[in-house]
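Colleague: Hi, have you got a minute to walk me through this one? I'd like the overall picture before the details.

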Amino acid sequence: MMKDVAIVMGSISDLKTMDKTIETLKKLGVSYDVQVISAHRMPQEMLDFASQAFSRDFKVIIAGAGGAAHLPGMIASSTVLPVIGVPVQSRALNGLDSLLSIVQMPSGVPVATVAIGDAGATNAAILATKICALQNKEYQANLISYQAEMHDNSVESGKNLE
C-alpha cells in the first residue's frame with residue numbers, strides 16, 4: 001500500500017518527539033511510513049531513501065533530528081519532494097542547535113521548519129496533511145473536522161473559567 005507521508009528520524013531516541021507526528025497523522029487519517037535513518041551513521045541509506053522517495057509515491061517527507069540535525073537538509077538536497085524539518089529537543093542546547101541546523105539552509109535547498117519538540121512534531125503532521133489535502137478531499141474533510149474540534153475544545157475550556 002502506498003503511503004503519502006514519510007517520517008524519518010536520525011535516531012530511535014527521536015521517536016519520543018516524533019510520536020506526536022505519528023499520533024496526529026493517525027488522527028487525521030493520513031497514510032505514513034516511519035524509518036530511522038541517520039545522516040551521520042547511515043549516509044548511503046539516507047541518500048538511497050531520499051533519491052527513491054518520489055518514485056515510491058510519497059508526497060511529503062517529515063524529518064526529525066536533534067543536535068547537528070543534518071538529516072532534513074541532506075534529504076531535501078537529494079529529493080524534489082517537500083521536506084518538513086522537526087527540531088528535536090537536545091540535551092546540550094535545549095533544541096536551539098537543532099532548530100538552527102535545520103532552518104539555516106542555503107538558497108535552493110528549502111526545508112520547512114517547525115517549532116522545537118512536541119509542538120513542532122504535531123505541526124509538521126498538520127502541515128504535511130495540508131500539502132497532501134491539495135489533492136485529497138478526504139484529508140481536506142479531516143482537517144476541517146480537526147480544526148472544528150480544536151475550536152470546540154478551546155470554547156469548552158474557556159467556559160470552565162466561569
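**Surface, fold and a few residues**

Modeller: Happy to! The protein exposes about 8,800 Å², and carbon and sulfur atoms supply 55% of that area. Accessible areas come from the Shrake-Rupley method with a 1.4 Å probe, and for residues only the protein chains shown count as cover.

Colleague: Anything I should know about the model itself?

Modeller: This is a predicted model, where local features need pLDDT of at least 70 and side-chain atom pairs count only at pLDDT 80 or more, while totals for chains, interfaces and linings use all residues. Residues are numbered from 1 along each chain as its sequence is written, and side-chain values use heavy atoms, with hydrogens and water left out.

Colleague: Thanks. How many helices and strands does the protein have?

Modeller: There are six helices and five strands. Both are DSSP runs numbered from the N terminus: helices are H or I with at least four residues, strands are E with at least two. Along the sequence the pattern is β-α-β-α-β-α-β-α-β-α-α.

Colleague: And what is the radius of gyration of the protein?

Modeller: The radius of gyration is 16 Å, close to the 15 Å that the globule rule gives for 162 residues, so the protein is as compact as a globular protein of that length. The radius is taken over C-alpha atoms, and the rule is 2.2 Å times the number of residues to the power 0.38. Along the principal axes, the C-alpha atoms fill a box of roughly 55 × 40 × 30 Å.

Colleague: What percentage of the residues count as buried?

Modeller: Of the 162 residues, 42% count as buried. Buried means under 20% relative accessible area, exposed over 50%, and partly exposed in between (1.4 Å probe, protein chains only).

Colleague: Switching to strand 3: mostly covered or uncovered?

Modeller: Mostly covered. Strand 3 spans residues 60–66, and six of its seven residues are buried.

Colleague: Which strands does strand 3 pair with?

Modeller: Strand 1 (residues 5–9) pairs with strand 3 in the parallel sense over five bridges, and strand 4 (residues 83–88) pairs with strand 3, also parallel, over six bridges. Two strands pair if DSSP finds at least two bridges between them. For register, I7 has I62 as its bridge partner in strand 3, and G64 stands opposite V86 in strand 4.

Colleague: What about G66, where does that sit?

Modeller: G66 is in strand 3 and counts as partly exposed because its relative accessibility is 29%. Leaving out residues up to four places away in sequence, G66 touches D14, V88 and S98; contact means heavy atoms within 4.5 Å.

Colleague: Okay, now D4: buried or exposed?

Modeller: D4 counts as buried, because its relative accessibility is 14%. The residue lies in the segment before strand 1. Beyond four places in sequence, its contacts include S31, F58, V60 and Y139.

Colleague: Last topic, backbone angles. Which residues other than glycine have a positive phi?

Modeller: Two to look at are D57, with phi of about 70 degrees, and A69, with phi near 50 degrees. D57 lies in the loop between helix 2 (43–52) and strand 3, while A69 is in the loop between strand 3 and helix 3 (71–76).

Colleague: How accessible are D57 and A69?

Modeller: D57 has 33% relative accessibility, so D57 counts as partly exposed. A69 has 3%, so A69 counts as buried.
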